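Work through the exercises below with the structure in view. Try each task before reading its solution.

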Amino acid sequence: MLKCDYEVKQIDGDYAHLQRIDRPEEELKLVARALLPIEIYEGCFLHYEMMQYSMK
């Protein structure tokens with residue numbers, strides 16, 4: 001099961017652009033904000049595990 005951390009690089013309306021911390025060379029991941037914690041902001045860090053995002 002995938003476990004990784006992301007940085008919120010940009011919030012664009014109903015979507016957020018996430019950068020994987022351990023693979024910064026990869027493209028940004030576009031994720032619907034409905035799947036993310038409500039309190040996110042640009043520059044915060046998220047942990048992904050078991051198909052859920054949580055604030056780190």
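**Exercise 1. Find the acidic partner of Arg23 and say whether the two residues are buried, partly exposed or exposed.**

Solution.
- Step 1: This is a predicted model. In it, Arg23 makes a salt bridge with Glu26.
- Step 2: Check the distance. The closest N and O atoms are 3.3 Å apart, and the cut-off for a salt bridge is 4 Å.
- Step 3: Check the surface. Arg23 has a relative accessible area of 36%, so this residue is partly exposed. Glu26 is partly exposed too, at 33%.
- Step 4: Recall the principle. Side chains of opposite charge can pair when their charged atoms come close.

**Exercise 2. How many salt bridges does the whole structure hold, and which parts does the pair Glu49 and Lys3 tie together?**

Solution.
- Step 1: Searching the whole structure gives five salt bridges.
- Step 2: One of them joins the side chains of Glu49 and Lys3, at 3.5 Å from N to O.
- Step 3: Locate the partners. Glu49 belongs to strand 4 (residues 45-49) and Lys3 to strand 1, so this pair ties together parts 46 residues apart in sequence.
- Step 4: Compare exposure. Glu49 is partly exposed, with a relative accessible area of 29%. Lys3 is exposed, at 53%.

**Exercise 3. Which residue forms a salt bridge with Lys56, and how many residues apart in sequence are the parts it links?**

Solution.
- Step 1: The partner is Asp5, with the closest N and O atoms 2.9 Å apart.
- Step 2: Lys56 sits in the segment after strand 5, while Asp5 sits in strand 1, so the linked parts are 51 residues apart in sequence.
- Step 3: Lys56 is exposed, with a relative accessible area of 66%.

**Exercise 4. Give the strand order of the open sheet, then name the strands at its edges.**

Solution.
- Step 1: The open sheet has five strands in the order 3-2-1-4-5, and the pairing is antiparallel.
- Step 2: Read off the two ends. Strand 3 (29-32) and strand 5 (52-55) are the edges. Each has a single partner strand, so one side of each has no neighbour in the sheet.
- Step 3: Add the twist. From one strand to the next, the average is 40°.
- Step 4: Look at one pair. Strand 1 (residues 3-12) and strand 2 (residues 15-20) run antiparallel, with six bridges. Opposite His17 in strand 2 stands Gln10.
- Step 5: Recall what joins strands. They pair through backbone hydrogen bonds, either parallel or antiparallel.

**Exercise 5. Why do Cys4 and Cys44 form no disulfide?**

Solution.
- Step 1: The search finds zero disulfides in the whole structure.
- Step 2: Take the distance. The closest cysteine sulfur to that of Cys4 is in Cys44, 14 Å away, which is too far for a bond. The cut-off is 2.5 Å.
- Step 3: Take the accessibility. Cys4 is buried at 4%, and Cys44 is buried at 2%.
- Step 4: List contacts. Beyond residues up to four places away in sequence, Cys4 touches Arg20, Leu46, His47 and Tyr48.

**Exercise 6. Which strand gives the most residues to the largest nonpolar core?**

Solution.
- Step 1: The core has 12 residues, among them Cys4, Cys44, Leu46 and Tyr48.
- Step 2: Strand 1, strand 2 and strand 4 each supply at least two residues.
- Step 3: Strand 1 gives the most, with three residues.
- Step 4: Recall the tendency. In soluble globular proteins, nonpolar side chains tend to be buried together.

Definitions and conventions
Residues numbered from 1 in each chain as written. Predicted model: local features only at pLDDT ≥ 70, side-chain atom pairs only at ≥ 80, totals over all residues. Heavy atoms only, no water. Buried < 20%, exposed > 50% of the residue type's maximum accessible area, 1.4 Å probe, protein only. Pairing = 2+ DSSP bridges. Helix = DSSP H or I, 4+ residues; strand = E, 2+ residues; numbered from the N terminus. Axes fitted to C-alpha atoms, helices over the stretch in contact; angles between N-to-C directions. Core = buried A, V, L, I, M, F, W, Y, C linked by side-chain atoms within 4.5 Å. Contact = heavy atoms within 4.5 Å.
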